[in-house]
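Please open the model in your viewer and keep the selection panel at hand for the stops that follow.

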Amino acid sequence: MTMNRVALLWDESYLWGVMAYEALLAHNLPFDLIRSEDIRAGKLQGYTLLFVPGGWASNKMKSLGDEGVEAIKQFIHNGGNYLGFCGGAGLATLDGIGLLPIKRKPTRERVPSFSGKIKLNLSAHPLWQGIAEPVFYAWWPSQFAIDSSINVLATYAQAMPDAFSSDLNVADVESTRSWQELEKIYGINLDPKRLINDPAVVEGSYGKGKVLLSLIHFDTPDDANGATVLKNLWSYLAGHVSIEGDFRTSVLPYFHADGASELISEMEALIDELIVLGTRNFLWFWRNPLLLQWRRGIRGLEYCSLFILIKRISGLLKYNNAVHSSLITDHASRIEKLFIPFVGSAKKLLILERQALQNGHITYEKCDDPEIQKIRTELFANSKSYGGLFKKLIDEIDSLLYVLLAADSKHF
């Protein structure tokens with residue numbers, strides 16, 4: 001480790017970890033990757049800021065364990081700063097490690113499936129320096145119920161026309177139907193107006209340290225406003241000013257055609273086929289280079305995460321021959337043993353779900369077809385926060401990606 005001022009917690013972030021990692025590299029913002037085991041070993045000492053990207057907060061808690069949680073609390077209490085995006089923000093609430101007196105609203109009170117561009121109402125703060133039109137990206141965020149002691153830096157305003165609620169485009173719905181009518185069909189809150197004036201970015205203190213939590217993803221690809229805020233965050237929380245110039249130009253290309261390893265190449269081909277199958281069956285399309293938009297009734301983020309992580313592994317193997325070793329090959333072999341049966345079952349599941357969508361209303365967790373339910377349980381268990389074969393597979397892939405990133409770590 002190079003002991004930059006910022007530590008980025010990698011564990012249980014997956015796709016969101018890649019998003020954060022690549023945004024920071026793209027904008028010349030220094031950081032070190034760390035894992036939960038590093039935190040438990042006391043390696044937060046010497047850092048100014050802990051940055052926790054998106055991902056399931058409950059899984060992050062499990063990864064940290066009691067010792068890791070206590071180490072984070074001690075770090076912030078003694079004057080370290082904490083930055084959390086989305087799931088990383090949820091980790092700091094009373095539902096997580098309790099850095100701030102904030103709770104997450106229950107699902108029945110939220111708009112649980114909003115995604116895309118949304119305008120914010122901003123309070124005066126250094127965070128917003130250089131922002132003229134405050135439009136940013138939110139990706140399926142939670143919603144906060146806050147204590148009066150919390151400083152609200154931004155609240156939600158109106159959703160932009162190209163945003164989505166579940167699989168419904170905002171502009172399309174508002175030009176043809178009422179959200180209330182669709183909410184009865186979908187069985188969830190959909191109207192983005194329910195978000196208006198809810199806190200989106202908040203700040204508080206824990207001991208001597210600052211805690212800044214955002215339900216907005218300032219690390220979204222190709223987002224100029226997000227990039228400006230990221231730089232402001234590094235200045236405000238870590239005392240770092242981004243220096244212009246390409247200190248690190250090897251942010252990995254989004255879609256490699258091949259990989260250096262035969263095993264990874266085989267898995268690339270399989271995940272390519274799976275994504276094409278879903279596209280061909282009108283189950284999803286790409287919102288940006290990292291994120292799919294999928295139809296209600298199926299899972300999309302899981303398949304998208306596999307695709308992106310495998311592509312990144314391929315890119316690292318292709319451009320960093322120094323990490324080719326029997327250790328990497330053995331790891332890839334373990335992944336392949338999980339990957340092949342997963343993709344085979346997933347293809348069958350997607351086709352069955354496509355047909356079920358024609359026959360009636362289904363959700364990612366509820367379907368009357370026993371064959372669909374059987375495959376879903378095998379692949380994902382009954383948890384939205386990852387389980388089953390998928391969780392074993394994504395953990396192995398993520399572990400290999402971390403090894404390769406660590407070997408390639410030149411974050412200034």
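Select Arg 334 in this predicted model: with a relative accessible area of 41%, Arg 334 is partly exposed, and it forms a salt bridge with Glu 396 in which the closest N and O atoms are 3.6 Å apart. Glu 396 is likewise partly exposed, at 23%. The pair links distant parts of the chain, since Arg 334 sits in helix H10 (residues 326-359) and Glu 396 in helix H12, 62 residues apart. Next, highlight Asp 11, Arg 35 and Asp 398, which are joined into one network by salt bridges that share partners.

Stay with helix H12 (388-407) and add helix H11 (370-380). The two helices pack at an angle of about 30 degrees, their axes being 2 Å apart, which makes H11 roughly parallel to H12. To see the contact itself, show Glu 378, Leu 379 and Phe 380 of H11 together with Gly 388, Leu 389 and Phe 390 of H12; by class, these comprise four nonpolar residues, one polar and one charged.

In the loop between these helices, select Ser 385. Is this residue buried or exposed? Ser 385 counts as buried because its relative accessibility is 16%, under the cut-off of 20%. Its side chain makes a polar contact of 2.9 Å with that of Ser 383, and, leaving aside residues up to four places away in sequence, Ser 385 touches Trp 56, Ser 58 and Asn 59.

Finally, move to Lys 105, whose salt bridge with Asp 198 has its closest N and O atoms 3.1 Å apart. Lys 105 lies in the loop between strands S5 and S6, and Asp 198 in the loop between helix H6 and strand S12, so the pair ties together parts that are 93 residues apart in sequence. Asp 198 counts as buried, at 11% relative accessibility.

Key:
Residues are numbered from 1 along each chain as its sequence is written. This is a predicted model: local features need pLDDT of at least 70, side-chain atom pairs count only at pLDDT 80 or more; totals for chains, interfaces and linings use all residues. Side-chain values use heavy atoms; hydrogens and water are left out. Helices (H or I, at least four residues) and strands (E, at least two) are DSSP runs, numbered from the N terminus. Buried means under 20% relative accessible area, exposed over 50%, partly exposed in between (1.4 Å probe, protein chains only). A polar contact is a pair of N or O atoms within 3.5 Å; within protein, one must be able to donate a hydrogen and the other to accept it, and residues adjacent in sequence count only if both atoms are side-chain atoms. Contact means heavy atoms within 4.5 Å. Axes are lines fitted to C-alpha atoms, for helices over the stretch in contact, and angles run from 0 to 180 degrees between N-to-C directions. Angles under 35 degrees count as roughly parallel, over 145 as roughly antiparallel, 65 to 115 as roughly perpendicular and the rest as oblique. Ala, Val, Leu, Ile, Met, Phe, Trp, Tyr, Cys and Pro count as nonpolar, Asp, Glu, Lys and Arg as charged, and the others, Gly among them, as polar. A salt bridge is a side-chain nitrogen of Lys or Arg within 4 Å of a carboxyl oxygen of Asp or Glu.
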